Amino acid sequence: QLQLVESGGNLVQPRGSLRLSCAASGATLDYYAIGWFRQAPGKEREGVSCINRSGSGGSTNYADSVKGRFTISIDNAKSTVYLQMNSLKPEDTAVYYCAAVQLPLWRGCDLNTREYNYWGRGTQVTVSL
């Protein structure tokens with residue numbers, strides 16, 4: 001059974017940076033796409049970024065609101081997926097979740113929460129002075 005644990009959330013000032021980690025255990029990530037999602041108070045959970053394998057043939061996807069600021073990556077040796085977040089804004093404040101779904105390599109990942117069936121418990125990111 002695949003298990004996911006997020007870490008790296010913190011309080012950061014606007015225009016600052018954070019790197020979130022999603023550590024996987026119980027199964028190899030070789031057959032999974034991993035997505036990052038976030039949920040702000042009073043709002044629906046939304047997709048931020050996803051990655052379906054790294055290297056040749058792999059694919060990534062980003063929400064328009066984070067393109068150019070966030071970068072997703074995989075360290076297969078550590079079974080860990082990272083979300084590097086730069087130029088953070090107050091509207092990035094949310095609980096960030098990682099999630100996984102088994103996906104063939106040829107398929108691009110998407111940011112629909114209903115596509116994912118393994119979820120972590122989340123890590124809080126607060127962007128404020």
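Start by selecting Cys22 and Cys98, whose link is right-handed, with 70 degrees about the S-S bond. The two sulfur atoms are 2.1 Å apart, and a disulfide here is any pair of cysteine sulfur atoms within 2.5 Å. Cys22 sits in strand β3 (residues 18-25) and Cys98 in strand β9 (residues 94-102), so the bond ties together parts that are 76 residues apart in sequence. Strands are DSSP runs of E with at least two residues, helices are runs of H or I with at least four, and both are numbered from the N terminus.

Before moving on, a word on the model: it is predicted, so local features need pLDDT of at least 70 and side-chain atom pairs count only at pLDDT 80 or more, while totals for chains, interfaces and linings use all residues. Residues are numbered from 1 along each chain as its sequence is written, and side-chain values use heavy atoms, with hydrogens and water left out.

Are these two cysteines buried or exposed? Cys22 is buried at a relative accessible area of 1%, and Cys98 is buried too, at 0%. Buried means under 20% relative accessible area, exposed means over 50%, and partly exposed lies in between, using a 1.4 Å probe and protein chains only.

**The second disulfide**

The structure holds two disulfides, so select Cys50 and Cys109 next. Their sulfur atoms are 2.2 Å apart. Cys50 belongs to strand β5 and Cys109 to the loop between β9 and β10 (118-119), so this pair ties together parts 59 residues apart in sequence. This link is right-handed, with 90 degrees about the S-S bond. Cys50 is buried at 0% relative accessibility, and Cys109 is buried at 7%. Counting bonded cysteines along the chain, the disulfides follow the pattern 1-3, 2-4.

**A stop at Arg53**

Now go to Arg53, in the loop between β5 (46-52) and β6 (59-62). Which side chain of opposite charge is nearest to Arg53? That is Asp30, 6.4 Å away, and Arg53 is buried yet has no salt bridge. For charges, Lys and Arg count as positive and Asp and Glu as negative, while His and the chain ends are not counted. A salt bridge needs a side-chain nitrogen of Lys or Arg within 4 Å of a carboxyl oxygen of Asp or Glu.

Show the polar atoms around Arg53. Its side chain makes a polar contact with the side chain of Asn52 at 2.3 Å, and the side chain of Arg53 also reaches the backbone oxygen of Leu103 at 2.9 Å. A polar contact is a pair of N or O atoms within 3.5 Å; within protein, one must be able to donate a hydrogen and the other to accept it, and residues adjacent in sequence count only if both atoms are side-chain atoms. Leaving aside neighbours within four places in sequence, the residues in contact with Arg53 include Tyr31, Tyr32, Ile74 and Pro104. Contact means heavy atoms within 4.5 Å.

**Aromatic rings**

Select Phe37 and Tyr116. The count comes to four aromatic pairs. The ring centres of Phe37 and Tyr116 are 5.0 Å apart and their planes are at 75 degrees, so the pair is edge-to-face. This pair links distant parts of the chain, with Phe37 in strand β4 (residues 32-39) and Tyr116 in the loop between β9 and β10, 79 residues apart. Rings of Phe, Tyr and Trp (its six-membered ring) pair if their centres lie within 6.5 Å; planes under 30 degrees apart count as stacked, over 60 as edge-to-face and the rest as tilted. Phe37 is buried at 0% relative accessibility, and Tyr116 is buried at 5%.

Add Tyr97 and Trp119 to the selection: ring pairs link Phe37, Tyr97, Tyr116 and Trp119 into a cluster. Tyr97 is buried, with a relative accessible area of 13%, whereas Trp119 is partly exposed at 29%.

**Salt bridges to finish**

How many salt bridges does a search of the whole structure find? It finds five. Select Arg38 and Glu46, whose closest N and O atoms are 2.7 Å apart in one such bridge. Arg38 is buried at 6% relative accessible area, while Glu46 is partly exposed at 37%.

Then pick Lys67 and Asp64, whose side chains meet in a salt bridge at 3.2 Å, N to O. Lys67 is partly exposed at 49%, and Asp64 is exposed at 65%.
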